[in-house]
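Trainee: I am new to this structure and should like to understand its aromatic rings and its nonpolar core. May I put some questions to you?

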Amino acid sequence: MAIGLRGLTSGLGDVYSSLLSSGFSSSGAGLSGLANSSLLSDYASIKNGSYGRMLKAYYAKQTKEMDDEESSVSNTKAGKDSAASSSAKAAQKSASELNNLDYSEENMDKIYDSVSSFVKDYNSMIKNASDSNVGAVKNQANQMNNTTYANYKMLAKAGITMNADRTLSINEKTFKKATMSTLKTLFKGTNSFADQVSNKASQIYRYANNGVSNLYNRQGSRTSLDTSSILNGII
């Protein structure tokens, strides 16, 4: 039974309006202004509460179907969300550690090794988050990809390029030719590329943990079917 709420409330308003304007005079003249006897039957259903009970039963069924779907999805996606959570935690840790490095020519090998580990953790996180069935996690992955793209020119100076699958690749020879100024801009300090990735990784970790048993829409918000206020207004 497909009942549009907008059409329903509009139709009920027409019913009430017609009935009130008729006045229900004893002569029957008011009743003759109604479209037909089925309109009286609809009014009687509303008045005795059967229409309201029917609507409540319908929406109770819809809510149960949503809950059943949620249970089914959560059972199949738990593994992927766990992977997104653990990989995000690792990426956040390696991104944060880049801020504490000694950015000097003498320490270039250490810097390269640390950034290579960061790239590896980043790739694991972006893959798992992109595959997640939690909308909020997937949304954060998209935002992080946008952040990376916004920094692609600076990253290229350090030998780091974006791949078609949204992962990163690092070229050691090009990286070690980069200036310390470039590396500091990318990996050290507040609002650096590494700092932005660290923040996004923290969000992915939080949503992956909290979202295992919830359904989300495209914006990352919990979907729901709330008809109580509508039903209360017409019953």
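Mentor: The questions below concern ring pairs, burial and the nonpolar core, and the model is a predicted one.

Trainee: How are the rings of Phe-118 and Phe-193 arranged as a pair?

Mentor: A pair of aromatic rings is described by the distance of the centres and the angle of the planes. For Phe-118 and Phe-193 the centres are 6.2 Å apart and the planes stand at 85 degrees. Planes over 60 degrees apart fall in one class, so this pair is edge-to-face.

Trainee: How many residues apart in sequence are the parts that this pair of Phe-118 and Phe-193 ties together?

Mentor: Phe-118 belongs to helix α4, residues 108-131, and Phe-193 to helix α9, residues 193-210. The pair therefore ties together parts whose separation in sequence is 75 residues.

Trainee: Is Phe-118 buried or exposed?

Mentor: The cut-off for burial is under 20% relative accessible area. Phe-118 has 1% relative accessibility, so Phe-118 counts as buried.

Trainee: Which helix gives the most to the largest nonpolar core?

Mentor: This core has 38 residues, and Phe-118, Tyr-122 and Met-125 are among those that touch the most other members. Helices α3, α4, α5, α8 and α9 each supply at least two of its residues. With 10 residues, the helix that gives the most is α4.

Trainee: Over the face of which residue does Arg-206 lie?

Mentor: The distance from Arg-206 to the ring centre is 4.6 Å. The ring in question is that of Tyr-207.

Definitions and conventions:
Residues are numbered from 1 along each chain as its sequence is written. This is a predicted model: local features need pLDDT of at least 70, side-chain atom pairs count only at pLDDT 80 or more; totals for chains, interfaces and linings use all residues. Side-chain values use heavy atoms; hydrogens and water are left out. Rings of Phe, Tyr and Trp (its six-membered ring) pair if their centres lie within 6.5 Å; planes under 30 degrees apart count as stacked, over 60 as edge-to-face and the rest as tilted. Helices (H or I, at least four residues) and strands (E, at least two) are DSSP runs, numbered from the N terminus. Buried means under 20% relative accessible area, exposed over 50%, partly exposed in between (1.4 Å probe, protein chains only). A charge sits over a ring if NZ of Lys or CZ of Arg is within 6 Å of the ring centre and within 35 degrees of the ring normal. A nonpolar core is a set of buried Ala, Val, Leu, Ile, Met, Phe, Trp, Tyr and Cys residues joined through side-chain atoms within 4.5 Å.
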